[in-house]
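Visitor: Could you walk me through how to read a binding site and the empty spaces in a model like this one?
Guide: Gladly; let's put the structure up and begin with the ligand.

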Amino acid sequence: MAEETILIVDDDIRNVEFLRDSLLAPSGYTTLCATNGQEALRLALTEQPDLILLDLQMPKLDGFEVLEALAREGMEIPTILITAHGSESVAVQAFRLGVRDYFPKPFKVTEIMQAVERSLAEARLRKEKQQLTARVEAVNRQLEQRVKELEILYGISKSVASLLDLDTLLTRVVEATTYVTGAEEISLFLLEADTQELLLRAVQGVGDQQARQLKRKSDNAVVRQVMATGQVAMIHGPRSHKTDPLQATLAVPLKTRGGTIGVLCASSKAAMQPFSDNDHFLLSVLADFAAVAIENAGLFAEVEEQRGKLETILAGSQDLIVVADDEAEVLLVNPAAAEAFCLEPQQAAGRPLHDVIGSEAFDRLFRGPAAGNGTRNVELPFTDGRAFHASLSPVADVGCVLIMRDITHLRELDRMKSDFVASITHDLRSPLTAVHGSLRLLPQLGQLNEEQLEFAERAMRNVEQMDKLISSLLDIGRIEAGLEMEMASVRLEEVVEEVVANLQGEAKSKGLDLDAVIADDLSLVRGNHTRLVQVMSNLLDNAIRYTPPGGKVLVRAGDDSDEVWVSVSDTGVGIPAHARDHIFDKFYRVEGPGTLGSEGMGLGLATVKSIVEKHGGRVWVETKEGEGSTFRFVLPKMPADSSEG
Ligand code: ADP
């Protein structure tokens, strides 16, 4: 309160002194005094008191004239009017001129003091309100400014983020930096990934020809310091010599999750002021956007490069390559595949895989057994006579990739080899029969000594072994040619039971537990009973042969939707990974401790495969070395409307 100033105006100095000395000064107010209107007006204008106690009748300028003059000057000082000649019209005019209170003389001291207090309290409130409004307005202006800056930043960041070409992007970033900070010289340095050198990549406003040269190494200590520390540097000082004008520099790091990738540096020559905190904030935000955009542009360039390489590989590959998503919709086909499936590469994308490769091939592929890594390998014949080895592999987050290799020439070689073996074996049969006959007759021609007898018996055993081989080869030849393959409806449970019964004795003598679990009501298959017995015998014979004593052999059979399956599992030696792709080949035998001492020609599984495939089925093995194997074959069910039986 003591800080408030009250101007006392009265042409009677005694009144002035009374108000000042007896009332206002003791209450702690500062007072100004005037005894005429002119003096009052001057003091009011110069000192701007908080309240005026104004006498109405005064020489030179009366109270109303003072108030009017103040109003003309735009001054609104609370005033209490005190007059000796009060009347209603005076009071009306006084209030019209904004007077707060009006007291006729003589006034009561308490009333005057209350009025003074009231007026000052009002004035105080008004002042606070004005100050508050001014503060709110200032904050509002600041906020508007911030919003405007952020809008600009947002606009810049949007345009920067959409750029994927690195050089264009860097140019845009330095332009934006000039715009945001108002600095004249902008340089952007990026760390080279290979050499770890900090090189100038974009520049604006730098006059020095040499300093403008892109790809030059940074020689600026501030920039190098920001790169090393990852901290902003704000400097305001002489350019280089004491006599040079001041220069303000603001250098911010370009940071990504992987660390600092570069520095964005803004300088203002002849700058009287250093960069402000707001400049610091704006440039840091811009640098963050820029760093993300630079990283994105780098990743995009990398992806583009990879895509280019991949496209070249795909285009150059002779293999047919088709990539499909999880829904088996084609994502891409390479030119070789497009040609083979008579498509335009662009037409294939988005179409169902079975549409593109044909539903028969599709069925074969997806019905094929999957290896441990999910890959399915099948052979696919084309209607034009070509044969393909198709490999369908799952690809994480994509779907699957189908790679098909033309193996027509291999099939042709295989056929030629089979023809050759067939004719050779045929030609070998007759001389072998003659040798066999002669050997049998030999003892009848005269007494043989012990050594002669042993030679003759050994020769006989070899001839018989060779005969067996020739029989097997001729047999495979016949199977491949479709001979001795009359088809009828076959009950697979009968086949299984027959073979299990036949080999039960052998299993027992080897100390093996042989069992069969066959589902009820197994569907009929269309096949050749004798050949299917041969399949079961070969598989079961192998299982017994390659399982050490004390092991288990289990035969199981059951129905799938449109196929019947049979499996032969053992707890035997298993098959090493490198051999799995070959065990169905002719003459292939695994050489190893597990198979050592077992006689065989490597034709058993080749025969199984030929027979099963002649029945329209498939055979494969699941095995783990040292733990056992499961051979499984499937045959199509006999169609329900088939009249055979
Ligand atoms: P082989 O007359 O040699 O048995 P197969 O064609 O029947 O000829 O089998 C080829 C090879 O596959 C065998 O030499 C053997 O190494 C392996 N094999 C076949 N069945 C089994 C099995 N159940 N357990 C382990 N290895 C097996």
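Visitor: How many residues surround the ligand, and which are the closest?
Guide: A residue counts as near if one of its heavy atoms lies within 4 Å of the molecule. Here 21 residues surround the ligand, and the closest are Asn 542, Tyr 546, Asp 570, Arg 589 and Leu 605. Do keep in mind that this is a predicted model, with local features needing pLDDT of at least 70, side-chain atom pairs counting only at pLDDT 80 or more, and totals for chains, interfaces and linings using all residues. Residues are numbered from 1 along each chain as its sequence is written, and side-chain values use heavy atoms, leaving out hydrogens and water.

Visitor: Which polar partner does Tyr 546 offer the ligand?
Guide: A polar contact is a pair of N or O atoms within 3.5 Å. An N or O atom in the Tyr 546 side chain is 2.8 Å from a ligand oxygen. Polar backbone atoms also take part: one of Val 590 is 3.3 Å from a ligand oxygen, and one of Gly 602 is 3.2 Å from a ligand oxygen. The protein covers 98% of the 520 Å² of accessible area (Shrake-Rupley, 1.4 Å probe) that the ligand has on its own.

Visitor: Where does the ligand sit?
Guide: On a 1 Å grid over the protein atoms alone, a pocket is an open set of points with protein on both sides within 12 Å along at least five of seven lines, whereas a cavity is a set where a 1.4 Å probe fits but cannot get out; lining residues have an atom within 4 Å of a point. A molecule sits in one if more than half of its atoms lie within 2 Å of its grid points. This ligand sits in the second largest pocket, which has a volume of about 850 Å³ (the space filled by probe spheres set on the points). That pocket is lined by 40 residues, and helix H16 (DSSP run, at least four residues) gives the most, with seven.

Visitor: How many cavities does the search find?
Guide: Rolling a probe the size of a water molecule over the atoms shows where empty space is left. The search of the whole structure finds two cavities of 30 Å³ or more. The largest has a volume of about 100 Å³, and its lining includes Lys 417, Glu 480 and Phe 587. The second largest holds about 40 Å³, with Ile 8, Asp 55 and Phe 107 among its lining residues.

Definitions and conventions:
Polar contact = N/O pair within 3.5 Å; in protein donor to acceptor, adjacent residues only side chain to side chain. Helix = DSSP H or I, 4+ residues; strand = E, 2+ residues; numbered from the N terminus.
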